[in-house]
Amino acid sequence: MVRTDDRRAVRADVTSRRARLAVAGLFLVNGYTFANIVPWMPVIKDRLDLSNTALGLAIAASPAGALLLGMLAGPLIARVGSGRVAAAAGVLSGLLLPAAGLAPSWAAFAAVMFGLGTLDAWMDSAMNAHGLRVQRRYGRSIINGFHALWSIGAVAGGLTASAASGLGVPILAHLSAVGVLLVLASVATVFFLLPGPEHAERPDEARAAGDADGADTPSTADPGSTGTPARGGPLAALRRIGPAALTLLGLGVLLVFAGGMEDSASSWGAVYMSESLHASAFAVGLPFVACQTMMTIGRLLGDRLTDRFGARAVGRAGALLAGVSLAVALAVAHPVAAVVGFGLLGLGVSTLFPAGLHAAGNLPGVRSGDGVTIAAWLARVGFLALPPLIGAIADVAGLGLALGVIPVIAVGAVLLSGILEPRRSARAADAD
């Protein structure tokens, strides 16, 4: 006869596995979305007759939306739950994506990028917060695996769009079909996400939420509740972090550098191949695909490497590899070298973003949703500042020289990786 406790444990395991699959689906959706625009960047640039600076500014509208509105993710997560926020953002992204193919002007394209950036910020924070809930149930590191699936989605998106572009499929038809797929996939995840309040797997987070709102948070909550609602919006979230502010700032800067390195392949890889190296229409998307493919490999190995050596050592070694690889590729200035260089950059940077978000989501006294949201929000500065900076330098000195900014920020990432956790198990970290 099976005891009641055993039956509950079995149900809990099933719930955890289903939630892990749902979060995996959300990461795939998020990675696949923007990747379907990347190989079309040269087409959009030519169709709208944009300079490198103008294209960079339009691309920067995406992180601008994330910076201006991304902090709303924290209150949204606290009020309706991280899983619901992530799924809703995925649906809205799928609906908005085809507009990138309809944009008749720079302003319209920038507006679409602004909207996609806002939704990406909300989905990014929410799916990572929900992923941390699932990781706590497993008692070991699985967050890199989720980010590996994001990279798989990005690779698939880049290949899909590259093939569509190479075959002459109209951009609007391609993005519309992708949008329908994203909506259906996002809706499907809703039925398998974790129930209960956001702090269900982290008692200290429940105490932090109660202290921050001036009231005690009950140890048991209605399974349908999403926890204590956030009060005061983003500014209140910043006030709540208190002594952890300096650590969060450091993590945010590290993520600025990590995001800038990742973004270089998606924002400029295709343009660099097309304009500077004169590659074929199909080949122009390969730096992005190579970057995401190698990033996937790095993230699939990342959980074991992190548990064995610690996020600090893995992050430092990876940032060094990323900077050196791209510097060599830019010096060689050949299409094959560019693909290899961006690929090794992806491998090197693969664990930095997951490690930074994991650290932000486990700061003592800070709610996971707030920590992840604030660190991710700070990271958007890199996505906002770097595309127009690189575009402006490219218009004056050439894109090859402008991309030299990336090895420079890789040095900064090497130095800042010391803020990450040393060798330590995820079980011990989440038990604090």
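Here are a few exercises with worked solutions on the structure above, which is a predicted model.

**Exercise 1. Work out what kind of fold you are looking at: how many helices and strands are there, and how much of the chain is buried?**

Step 1: Start with the secondary structure. The protein chain has 20 helices and 0 strands.

Step 2: Now look at burial. The chain has 432 residues, and 59% of them count as buried.

Step 3: Check the surface. The accessible surface is about 16800 Å², and carbon and sulfur atoms make up 68% of that.

Step 4: Finish with the contacts. Taking those with a separation of 6 or more, 86% are between residues 24 or more positions apart.

**Exercise 2. Find the aromatic pair, and decide whether it is stacked or edge-to-face.**

Step 1: Searching the whole structure turns up 1 aromatic pair. The partners are Phe 27 and Phe 146.

Step 2: Get the geometry. The ring centres are 5.5 Å apart and the planes make an angle of 15°. Planes under 30 degrees apart count as stacked, and this pair is indeed stacked.

Step 3: Place the rings. Phe 27 belongs to helix α1 (residues 4–35) and Phe 146 to helix α8 (residues 143–166), so the pair ties together parts 119 residues apart in sequence.

Step 4: Ask about burial. The cut-off for buried is under 20% relative accessible area. Phe 27 comes out at 0%, so it counts as buried, and Phe 146 is buried too, at 2%.

**Exercise 3. Which ring does the charged end of Arg 20 sit over?**

Step 1: Follow the Arg 20 side chain to its charged end, and you land over the ring of Tyr 138.

Step 2: Read off the distance to the ring centre, which is 4.8 Å.

**Exercise 4. Describe two helix packings: what are the angle, axis distance and handedness of α3 with α7, and of α12 with α19?**

Step 1: Two numbers do most of the work here, since a packed helix pair is described by the angle between the axes and the distance between them.

Step 2: Take α3 (residues 52–69) and α7 (residues 106–138). Their axes are 7 Å apart, at an angle of about 35°. The crossing is right-handed.

Step 3: List some of the contact residues. On α3 they include Ala 54, Ala 58, Ala 61 and Gly 65, while those on α7 include Phe 109, Met 113, Gly 117 and Trp 122.

Step 4: Move on to α12 (residues 245–276) and α19 (residues 405–416). Here the axes come within 9 Å and cross at roughly 145°, and the crossing is left-handed.

Step 5: Pick out the residues that meet. Among them are Gly 250, Phe 257 and Gly 260 in α12, along with Ile 406, Gly 412 and Leu 416 in α19.

**Exercise 5. Are Trp 122 and Gly 94 buried or exposed, and what do they touch?**

Step 1: Trp 122 sits in helix α7. Its relative accessible area is 18%, so it is buried.

Step 2: Leave out neighbours within four places in sequence, and Trp 122 has contacts including Leu 69, Leu 72, Leu 76 and Val 85. Gly 74 is 48 residues away in sequence, yet its C-alpha is 8.4 Å from that of Trp 122.

Step 3: Gly 94 lies in helix α5 (residues 82–96), and at 3% relative accessibility it counts as buried.

Step 4: With neighbours within four places set aside again, Gly 94 is in contact with Gly 179, Leu 182 and Val 183. Its C-alpha is 9.9 Å from that of Phe 34, 60 residues apart along the chain.

How values were computed. Residues numbered from 1 in each chain as written. Predicted model: local features only at pLDDT ≥ 70, side-chain atom pairs only at ≥ 80, totals over all residues. Heavy atoms only, no water. Helix = DSSP H or I, 4+ residues; strand = E, 2+ residues; numbered from the N terminus. Buried < 20%, exposed > 50% of the residue type's maximum accessible area, 1.4 Å probe, protein only. Contact = heavy atoms within 4.5 Å. Areas by Shrake-Rupley, 256 points an atom, 1.4 Å probe, with all protein chains shown as cover. Phe/Tyr/Trp six-rings, centres within 6.5 Å; stacked < 30°, edge-to-face > 60°. Lys NZ or Arg CZ within 6 Å of the ring centre and 35° of its normal. Axes fitted to C-alpha atoms, helices over the stretch in contact; angles between N-to-C directions. Left-handed = near helix turned anticlockwise from the far one by under 90°.
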